[in-house]
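Student: I'd like a close look at one part of this model, please, with the reasoning spelled out as you go. After that, a few individual residues elsewhere would help me get my bearings.

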Amino acid sequence: MSASRSETASAAVPDGSGTESAGGGGPEPGGGLLAALLDGMDAALCAFDADGVVTHWNREAERILGWPAEEAVGRHGFAGWAVRAADAEEIHGRLMAVMDAPGRHVHEFALLRKDGSRVLVRTQSAGVRGAGGAPGGVYCAFSEVHAQIDLERSIALSEALSEDGTWGVVLVDVDLRPTVVNSYAARALGTGRATLLGRPFGELIVQGVEELEGALQHVLAEGAPAGPAEMWVTLRTPEGERRRCWRSGFLRLSSPLAEEPVPLGVGWLFQDVTDAKLAEQDADRLRFRSNQLHRASRTAAEYEDPMEAVACHLDFALAGFADHALVDLAAGDRLVRAVATPTGSPGPAAPVAAGGIPVRYPAGHPALQAVDRIGSVRASAGAGTGARAEEWAAERQWPPDAAHALCAVLRSRGRTLGVLTFLRGPTRPAFERPDAAYAESVAVRVGVVLDLAGVLGD
């Protein structure tokens, strides 16, 4: 029932003594309460006694058909006023037959408005028992079919979303605790549908929970955002942590029964777009790196000094890829530093005056492994940070802020010319296989420059 309606009904209502009293003529307290309840209903309602005479008619019935209670109550059935003459007998028979049948019955038929237009309604009817259990009449609740269908569609949509679909659906209360979780959302969060109910998101989301809860709080306070948002989160799962990207939309839920909008919570709809975003990032990264290689080749071709050309290749390669770069040239069975970036702070690569003194790489050094394997070698300080990472870098003759390394061998005309090493700091991720492919592409160009310049001689 709507809380906004409290007018007294105009319909005649039972007064408890077997007689009826009009709502406006001083009804008994019980009858007045019943009249107010009937008039406050959001559904149209009418009732018939055992003889088929209309005994109750609420305000919603008046709104739909235009007949006020004063003109409806006391009429015998709908014949002659609320239905066409051709339909009257059939409709009256279907309604009154409910009086002797158990349960509720649903019918659809056309009624007449007071202005003569027709309206298709869906009714739910049930018999009413009188004293001693004898049939006493029929009550009939009805609504316009299109309104009923709209309601059924809304309910069907809600249930379909709550069960399964191509989007995750989570209903969150005002305390930001999940109250409904559909199957898609449960799978995306790595938990069961019932397991998540009432639990804070922080128990499942390791990183990104602040952004999610901030978005939910904003929707509660300000309403839904203009468009979907993409959020990266890290989930805690039995298999370990997983990083995922969710394209999310938010809806503020308000009670339709309250006079003022009262937030019930937030509807959060999301879709896992991690694979698409990673593919997009990979494509962007590949396009950028290809462009860098092209620009580096064109720019390096203008240098007379081959070492400056090598430094040019490294400067273009470092952008967004690594923090430091080193070029060690082969001198017999040893390596001599030829080009390097500054050790203290980031800067452009420059030739190094090493005087032919070999770099003191210990046995098993990644650069030496690259020479032996004639391929790329990746190395990392692992989980260690601070002094442990600095010790790891110092042992390998690298800058103290190095935590991840990628060594690519320099080759040309079937000969090993040296090693190209890229280094990343501890705040960046370790090198992966696509990074090795890029480093090898840079190494090929650097090797060609060195070979064509005859730096090593024939």
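Tutor: Let's settle one set of words before we start: a residue is buried under 20% relative accessible area, exposed over 50%, and partly exposed in between. Q397 makes a handy trial run: its relative accessible area is 29%, so Q397 is partly exposed. Please keep in mind throughout that this is a predicted model.

First, the setting. The protein chain contains 12 helices and 19 strands. Of its 458 residues, 41% count as buried. Its accessible surface comes to about 23500 Å², and carbon and sulfur atoms hold 54% of that. Among the contacts in the chain with a separation of 6 or more, 50% link residues that are 24 or more positions apart.

The part I'd pick for the close look is helix α12, which covers residues 433-452. Two packed helices are described by the angle between their axes and the distance between the axes. Let's apply that to two partners of α12, beginning with α9.

Helix α9 spans residues 306-318, and its axis lies 9 Å from that of α12, at an angle of about 170°. Angles over 145 degrees count as roughly antiparallel, and α9 and α12 are therefore roughly antiparallel to each other. On the α9 side, the contact involves P306, M307, A309, V310, H313, F316 and A317. Facing them from α12 are Y438, V442, R445, V446, V449 and L450. By type, the residues in this contact are 11 nonpolar, 1 polar and 1 charged.

The other partner is helix α8, residues 274-300, whose axis is 11 Å from the axis of α12. Here the angle is about 10°. An angle under 35 degrees counts as roughly parallel, so α8 is roughly parallel to α12. From α8, the residues in the contact are R289, Q292, L293 and S297. They meet P434, D435, Y438, S441, V442 and R445 of α12. This contact divides into 4 nonpolar, 3 polar and 3 charged residues. If you are following along in the viewer, try finding Y438, V442 and R445: these α12 residues take part in the contact with α9 and also in the contact with α8.

Helix α8 also leads us to a strand. W232 sits in strand β11, residues 229-237, and its contacts include T274, K277, L278 and Q281. Those four positions fall within the range of α8. W232 also touches Q207, G208, R243, R244 and C245. G208 is 24 residues away along the chain, yet its C-alpha atom is separated from that of W232 by 6.5 Å. With a relative accessibility of 27%, W232 counts as partly exposed.

Now for residues in other strands. H107 belongs to strand β5, residues 105-112, and is buried at 17% relative accessible area. Its side chain makes a polar contact of 3.5 Å with the side chain of R94. Beyond its close sequence neighbours, H107 touches R94, V98, V121, R122 and T123. T55, in strand β4 (residues 54-57), is buried as well, with 9% relative accessibility. The T55 side chain makes a polar contact with the side chain of H56, at 2.8 Å.

For contrast, look at E89 in helix α4, residues 85-97. Its relative accessible area is 72%, so E89 is exposed. The C-alpha atoms of E89 and G77 are 9.4 Å apart, and the two residues are 12 positions apart along the chain.

Finally, two loop residues deserve a look at their backbone. Most residues other than glycine have a negative phi. Q397, our trial residue, has a positive phi near 60° and lies in the loop between α11 (387-395) and β18 (404-412). R413 has a positive phi too, near 50°, and is found in the loop between β18 and β19 (415-424). R413 has 59% relative accessibility and so counts as exposed, whereas Q397 is partly exposed.

Notes: Residues are numbered from 1 along each chain as its sequence is written. This is a predicted model: local features need pLDDT of at least 70, side-chain atom pairs count only at pLDDT 80 or more; totals for chains, interfaces and linings use all residues. Side-chain values use heavy atoms; hydrogens and water are left out. Axes are lines fitted to C-alpha atoms, for helices over the stretch in contact, and angles run from 0 to 180 degrees between N-to-C directions. Helices (H or I, at least four residues) and strands (E, at least two) are DSSP runs, numbered from the N terminus. Angles under 35 degrees count as roughly parallel, over 145 as roughly antiparallel, 65 to 115 as roughly perpendicular and the rest as oblique. Contact means heavy atoms within 4.5 Å. Ala, Val, Leu, Ile, Met, Phe, Trp, Tyr, Cys and Pro count as nonpolar, Asp, Glu, Lys and Arg as charged, and the others, Gly among them, as polar. Buried means under 20% relative accessible area, exposed over 50%, partly exposed in between (1.4 Å probe, protein chains only). Accessible areas come from the Shrake-Rupley method with a 1.4 Å probe; for residues, only the protein chains shown count as cover. A polar contact is a pair of N or O atoms within 3.5 Å; within protein, one must be able to donate a hydrogen and the other to accept it, and residues adjacent in sequence count only if both atoms are side-chain atoms.
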